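Reader: I am new to this structure and would like a careful look at one part of it, with enough of the surroundings to place that part. Please take me through it step by step.

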Amino acid sequence: VVQNATLVLHSLCWGAEPRHVQTIVACQGIPVLVDLLSSDPPLNHLAVECLWRIINLPSPTPKSDFCRLLARSKAAGKLVELLDGAFAEYRRSMKSKQEGTGWFDVSVQHADKVAS
């Protein structure tokens with residue numbers, strides 16, 4: 001059910017009409033999308049795309065208003081967790097590739113130091 005609802009939100013966000021996106025915002029869709037950031041892929045990726053579309057909406061509403069809504073929904077922490085997970089997965093994949101070739105990149109060591 002959650003996956004189908006996410007797909008509907010995504011299709012509304014990326015439809016041809018900006019008013020669809022405005023309707024999502026008016027119906028308290030931002031907190032729902034922020035909650036989806038904690039989901040597994042691909043749902044969290046769809047939520048990021050929808051939030052991107054909302055922020056870049058060509059409307060009379062200033063971006064600062066959208067940013068306030070995102071801040072109230074605690075989006076920053078969830079986005080950081082999402083990015084941290086993506087970077088950790090990238091580092092793991094790079095390490096496994098480099099161990100197979102015998103070559104080790106110093107930047108991976110540096111990224112591990114910074115992450116810990």
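How many helices and how many strands are there in the protein? Once that is clear, please look closely at helix H4: which residues of H3 meet which residues in H4?

Author: This is a predicted model, and the protein in it has 7 helices and 0 strands, so that, read along the sequence, the pattern is α-α-α-α-α-α-α. Of the 116 residues in the protein, buried residues make up 26%. Among the contacts with a separation of 6 or more, 58% are between residues 24 or more positions apart.

With that background, we can turn to helix H4, which covers residues 43-55. H3 and H4 pack at an angle of about 145°, and their axes are 8 Å apart; the crossing of these two helices is left-handed. On the H3 side the residues that take part are Ile-30, Leu-33, Val-34 and Leu-36, and they meet Leu-43, Asn-44, Ala-47, Cys-50, Leu-51 and Ile-54 in H4. By kind, the residues of this contact divide into 9 nonpolar, 1 polar and no charged.

The polar residue deserves a pause, and Asn counts as polar here because Asn is not on the list of nonpolar residues or on the list of charged ones. Asn-44 has its place in helix H4, and Asn-44 is buried, with a relative accessible area of 4%, a value that falls under the 20% limit for buried residues. If its neighbours within four places in sequence are left aside, Asn-44 is in contact with Leu-36, Leu-37, Ser-39 and Leu-82. Leu-36 is also one of the H3 residues in the contact of H3 with H4.

H4 also packs against H5, again at an angle of about 145°, here with the axes 9 Å apart. The contact is made by Leu-51, Ile-54 and Ile-55 of H4 together with Lys-63, Phe-66 and Leu-70 of H5. The residues of this contact divide into 5 nonpolar, no polar and 1 charged, and Lys-63 is the charged one because Lys is listed among the charged residues. Leu-51 and Ile-54, which appear here on the H4 side, are also among the H4 residues that H3 meets.

Cys-50, another of the H4 residues in the contact with H3, brings up the question of disulfides, of which the structure holds 0. The closest cysteine sulfur to that of Cys-13 is in Cys-50, but the distance is 3.4 Å, too far for a bond, because a disulfide requires the two sulfur atoms to be within 2.5 Å. Cys-13 itself is buried, at 0% relative accessibility, whereas Cys-27 is exposed, with a relative accessible area of 58%.

The two helices that pack against H4 also carry residues that form salt bridges, and the count of salt bridges comes to 3. From H3, which covers residues 29-36, the side chain of Asp-35 meets that of Lys-78 in a salt bridge, at 3.1 Å from N to O. This pair links distant parts of the chain, since Lys-78 lies in helix H6 (residues 75-101) and the two residues are 43 residues apart. Both ends are partly exposed, Asp-35 at 48% relative accessibility and Lys-78 with a relative accessible area of 22%.

In H5, Arg-68 forms a salt bridge with Asp-65, and the closest N and O atoms are 2.7 Å apart. The two residues are 3 residues apart in helix H5 (residues 63-72), so they are separated by about one helical turn. Arg-68 is partly exposed, with a relative accessible area of 45%, and Asp-65 counts as partly exposed as well, at 30%. Elsewhere in the chain, Glu-17 and Arg-19 meet through their side chains in a salt bridge of 3.3 Å, N to O; Glu-17 is partly exposed at 33%, while Arg-19 is exposed at 52%.

One further residue helps to place H3 and H5 in the chain. Gln-28 is found in the loop between helix H2 (18-26) and H3, and at 54% relative accessibility Gln-28 counts as exposed. The C-alpha atoms of Gln-28 and Leu-69 are separated by 9.5 Å, although the two residues are 41 residues apart along the chain.

Note on methods. Residues numbered from 1 in each chain as written. Predicted model: local features only at pLDDT ≥ 70, side-chain atom pairs only at ≥ 80, totals over all residues. Heavy atoms only, no water. Salt bridge = Lys/Arg side-chain N within 4 Å of Asp/Glu carboxyl O. Buried < 20%, exposed > 50% of the residue type's maximum accessible area, 1.4 Å probe, protein only. Helix = DSSP H or I, 4+ residues; strand = E, 2+ residues; numbered from the N terminus. Axes fitted to C-alpha atoms, helices over the stretch in contact; angles between N-to-C directions. Left-handed = near helix turned anticlockwise from the far one by under 90°. Contact = heavy atoms within 4.5 Å.
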